[in-house]
Amino acid sequence: MNPRLDQPLRLGTRRSKLAMSQSGHVADAVRAITGRPVELVEITTYGDVSREHLAQIGGTGVFVTALRDALVRGEVDFAVHSLKDLPTAQPEELVIAAMPLREDPRDALVARDGLTFEQLPDGARIGTGSPRRTAQLNHYARALGKRIETVAIRGNVDTRIGFVRDGELDAVVLAAAGLNRIGRGDEATDLLSVDSVLPAPGQGALAVECLASDAELIASLAELDDPQTRAAVTAERSLLAALEAGCSAPVGALADLLADGQVVNEMRLRGVVGTLDGSTLVQLSTTGPVPQSYDEAMALGRELADEMLAKGAAGLMGERSL
């Protein structure tokens with residue numbers, strides 16, 4: 001018998017209820033694939049302990065560095081991240097071995113009195129810690145002929161929804177995937193159409209990461225990979241990386257697969273950047289064959305980013321505190 005079969009695999013995870021839930025689902029799948037026990041190793045990240053707003057402490061990466069450090073030091077065997085938290089540059093010593101089937105990528109509104117976004121009163125106070133959401137929510141409100149006030153908030157799901165329950169805010173906006181993963185999807189009063197609010201690149205997807213040198217674990221984790229999810233989020237993250245090089249405005253992106261009957265034959269990639277007050281958005285899309293390789297998915301994202309920069313996306317710079 002292989003002596004490693006009795007040895008638990010150590011899965012590094014953030015301590016939040018959402019992260020533990022996400023990691024728990026992955027742990028169950030890895031146990032089934034490998035026949036080995038999997039234990040969760042809770043790791044506190046800078047993003048978990050800092051009380052500053054995410055845009056001020058660097059946004060992406062603040063929830064990731066401690067997990068990656070634990071991987072490199074050999075304290076855990078693999079880690080589960082929310083893909084939208086990952087910086088676009090991938091460390092050479094680590095590999096994303098799996099991107100499981102994506103959850104709902106949309107943003108969800110949790111509002112008082114069961115209100116949808118369109119039913120919110122003029123001047124409604126909406127909580128979000130995301131410059132991307134702020135820009136698009138303001139633009140959406142303008143299109144409806146009303147004004148909203150966005151309020152910067154931090155905290156876990158309970159804390160954020162608590163602002164609405166306590167009457168401090170009229171609504172908050174969260175990722176639908178996060179609510180679904182902790183069994184609270186029914187608390188959303190409106191799922192925001194991607195035609196009005198594009199999600200963060202990679203929103204709703206998970207990344208299962210391990211050492212690039214661990215070929216056996218990579219092969220096992222690869223069974224969790226969903227190729228269509230990987231193609232979509234790779235294109236989205238390529239767009240983000242290309243825009244970050246020339247534009248610091250909040251970026252939304254979504255790649256979806258277009259089917260002709262039962263056959264998926266095309267991918268549409270949409271991207272948006274905008275000013276925080278929603279007065280100016282650059283929003284474009286491109287459609288092409290479903291990428292069959294990493295390079296094709298990357299090319300699709302770069303192509304759309306180039307078009308967006310040519311349309312003035314770079315002129316929306318300086319909106320985010322870095």
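**Exercise 1. Find which residues Leu269 touches, then place Leu269 in its core.**

Step 1. Leaving out residues up to four places away in sequence, Leu269 touches Ala235, Glu236, Leu254, Ala255, Leu284, Ser285, Thr286, Leu300, Gly301 and Leu304. Contact here means heavy atoms within 4.5 Å.

Before we go on, a word on the model. It's a predicted one, where local features need pLDDT of at least 70 and side-chain atom pairs count only at pLDDT 80 or more, while totals for chains, interfaces and linings use all residues. Residues are numbered from 1 along each chain as its sequence is written, and side-chain values use heavy atoms, with hydrogens and water left out.

Step 2. Now for the core. A nonpolar core is a set of buried Ala, Val, Leu, Ile, Met, Phe, Trp, Tyr and Cys residues joined through side-chain atoms within 4.5 Å. Buried means under 20% relative accessible area, exposed means over 50%, and partly exposed is in between (1.4 Å probe, protein chains only). The largest nonpolar core has 22 residues, and Leu269 is among those with the most contacts inside it, along with Leu239, Leu243, Met267, Val273 and Met308.

Step 3. Which elements give two or more residues to this core? They are helix H9 (227-246), strand E11 (251-260), strand E12 (263-274) and helix H10 (294-310). These labels are DSSP runs numbered from the N terminus: helices (H or I) have at least four residues, strands (E) at least two. H9 brings the largest share of the core, 7 residues.

Step 4. Apart from this core lies another one, of 16 residues, including Leu9, Leu206, Cys210 and Leu217. As a bit of background, nonpolar side chains tend to be buried together in soluble globular proteins.

**Exercise 2. Work out where Arg270 sits and what its side chain meets.**

Step 1. Arg270 is found in strand E12.

Step 2. Is Arg270 buried or exposed? Its relative accessible area is 9%, so Arg270 counts as buried.

Step 3. Look for a polar partner. The side chain of Arg270 makes a polar contact with the side chain of Asp195, at 2.8 Å. A polar contact is a pair of N or O atoms within 3.5 Å; within protein, one must be able to donate a hydrogen and the other to accept it, and residues adjacent in sequence count only if both atoms are side-chain atoms.

Step 4. Check the surroundings. Beyond four places in sequence, the contacts of Arg270 include Val194, Leu198, Leu239, Gly252, Asp256 and Leu304.

**Exercise 3. Describe the largest cavity, then look at His139.**

Step 1. How many cavities of 30 Å³ or more does a search of the whole structure find? Just 1. On a 1 Å grid over the protein atoms alone, a cavity is a set of points where a 1.4 Å probe fits but cannot get out, and lining residues have an atom within 4 Å of a point.

Step 2. About 30 Å³ of space lies in the largest cavity. Grid points are joined across faces, edges and corners, and a volume is the space filled by probe spheres set on the points.

Step 3. Among the lining residues are Pro131, Arg132, Gly252, Val273 and Leu281. Helix H5 (131-143) gives the largest share of this lining, 4 residues.

Step 4. Move along H5 to His139. At 32% relative accessibility, His139 is partly exposed. Not counting residues up to four places away in sequence, His139 touches Gly278 and Leu281. A polar atom of the His139 side chain lies 2.9 Å from the backbone oxygen of Gly278.

**Exercise 4. Follow helix H6 from its start to what comes after it.**

Step 1. What caps the N-terminal end of H6? That's Asn156, with a side-chain oxygen 3.2 Å from the backbone nitrogen of Asp158.

Step 2. In H6 (residues 157-165), the buried residues are Val157, Arg160, Ile161, Gly162, Phe163 and Val164. Their cover includes strand E5 (107-111), strand E8 (171-175) and helix H7 (176-181).

Step 3. After H6 comes Gly167, with a positive phi near 85°.

Step 4. Compare a residue that isn't a glycine: Asp113 has a positive phi of about 60°. Asp113 is in the loop between E5 and strand E6 (124-127), and at 65% relative accessibility Asp113 counts as exposed.

Terms used. On a 1 Å grid over the protein atoms alone, a cavity is a set of points where a 1.4 Å probe fits but cannot get out, and a pocket is an open set with protein on both sides within 12 Å along at least five of seven lines; lining residues have an atom within 4 Å of a point.
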